[in-house]
Amino acid sequence: HGTVIYYVVDPNNLVYILTKSGTGKGRNVYAHSQVALTVYESGTMQTVQLQGIAEVETEQATKDRVFSQIVAPRPYGDEIQLPPIARLYEGAYTIIKIKPTLIIFHDYTKSK
């Protein structure tokens with residue numbers, strides 16, 4: 001299952017995502033801790049492909065920090081709005097922590 005997400009990376013290279021417990025992503029992470037994430041930055045033509053082990057974050061200070069970073073108003077077109085996760089009703093907010101087991105970086109502006 002793949003979906004677009006917002007994410008936060010901490011200084012220890014742990015990746016945090018926000019989902020709702022009743023979404024497909026939330027149910028899949030509860031059932032299978034092995035996850036994959038692909039990040040593409042169009043302005044730099046760089047990608048990161050990441051594989052890792054996911055678990056629900058339980059530390060309240062980390063949950064609060066990640067939540068406030070992800071659920072922040074952002075520009076969408078000509079308007080400032082909350083991200084799409086704020087419009088989902090499928091369960092409670094859940095912060096997922098991903099510990100990378102493999103990270104592959106590509107910079108497509110550089111010739112081989």
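Which residue in strand 7 does Gly52 stand opposite? In this predicted model, the residue opposite Gly52 in strand 7 is Pro100. This position belongs to a sheet that is described below, after the overall composition of the chain.

The protein contains 2 helices and 7 strands. Taken in sequence order, these elements give the pattern β-β-α-β-β-α-β-β-β. The C-alpha trace extends over about 45 × 40 × 25 Å along its principal axes. Of the 112 residues in the protein, 29% are buried. Among contacts with a separation of 6 or more, 65% join residues that lie 24 or more positions apart.

An open sheet is formed by 5 strands, arranged in the order 1-2-7-4-3 with antiparallel pairing. Strand 1 (7-9) and strand 3 (34-41) are the edge strands, each of them pairing on one side only. From one strand to the next, the twist averages 35°. Helix 1 packs on this sheet and touches strand 2, strand 3, strand 4 and strand 7. The direction of helix 1 makes about 120° with that of strand 2. Helix 2, in turn, lies across strand 1, strand 2 and strand 7, and runs at about 75° to strand 2.

The individual pairings can be taken in the order of the sheet. Strand 2 and strand 7 (residues 93-107) are antiparallel to each other and are joined over 6 bridges. Within strand 7, Thr94 is the bridge partner of Thr19. Strand 7 also pairs with strand 4, again in the antiparallel sense, over 11 bridges. Gly52 and Pro100 of strand 7 stand opposite each other. Strand 4 pairs in the antiparallel sense with strand 3 as well, over 8 bridges. Here Val39 has Val48 in strand 4 as its bridge partner.

Strand 3 and strand 4 form a hairpin with 4 residues between the strands. Met45 is found in the loop between these two strands and has a phi near 55°, which is a positive value in a residue other than glycine. Is Met45 buried, partly exposed or exposed? Met45 counts as partly exposed because its relative accessibility is 37%, which falls between the limits of 20% and 50%.

A positive phi is also found in the loop between strand 1 and strand 2, where Asn13 is located. The phi of Asn13 is near 65°, and this residue too is other than glycine. With a relative accessible area of 47%, Asn13 is therefore classed as partly exposed.

Two further positions concern helix 2 and the loop that precedes this helix in the chain. Thr58 is found in the loop between strand 4 (46-56) and helix 2 (60-70). Thr58 counts as exposed because its relative accessibility is 67%, and the exposed class begins over 50%. Thr58 and Ile96 are 38 residues apart along the chain, while their C-alpha atoms are separated by 9.1 Å. Ser68 is found in helix 2 itself. A relative accessible area of 46% makes Ser68 partly exposed. From Ser68 to Ser42 the separation is 26 residues in sequence and 25 Å in space, taken from C-alpha to C-alpha.

The analysis of empty space gave the following for one of the pockets. The second largest pocket holds about 240 Å³ of space. Its lining consists of 14 residues. Which residues lie nearest the centre of the second largest pocket? Those residues are Thr3, Val4, Ile5, Lys25 and Ile85. Two elements, strand 2 (15-20) and helix 1 (24-31), give two or more residues to the lining of this pocket. Sorted by class, the lining has 8 nonpolar, 5 polar and 1 charged residues. Strand 2 thus appears both in the pocket lining and in the antiparallel pairing with strand 7, and helix 1 both lines the pocket and packs on the sheet.

Terms used:
Residues are numbered from 1 along each chain as its sequence is written. This is a predicted model: local features need pLDDT of at least 70, side-chain atom pairs count only at pLDDT 80 or more; totals for chains, interfaces and linings use all residues. Side-chain values use heavy atoms; hydrogens and water are left out. On a 1 Å grid over the protein atoms alone, a cavity is a set of points where a 1.4 Å probe fits but cannot get out, and a pocket is an open set with protein on both sides within 12 Å along at least five of seven lines; lining residues have an atom within 4 Å of a point. Grid points are joined across faces, edges and corners, and a volume is the space filled by probe spheres set on the points. Ala, Val, Leu, Ile, Met, Phe, Trp, Tyr, Cys and Pro count as nonpolar, Asp, Glu, Lys and Arg as charged, and the others, Gly among them, as polar. Buried means under 20% relative accessible area, exposed over 50%, partly exposed in between (1.4 Å probe, protein chains only). Two strands pair if DSSP finds at least two bridges between them. Axes are lines fitted to C-alpha atoms, for helices over the stretch in contact, and angles run from 0 to 180 degrees between N-to-C directions. Contact means heavy atoms within 4.5 Å.
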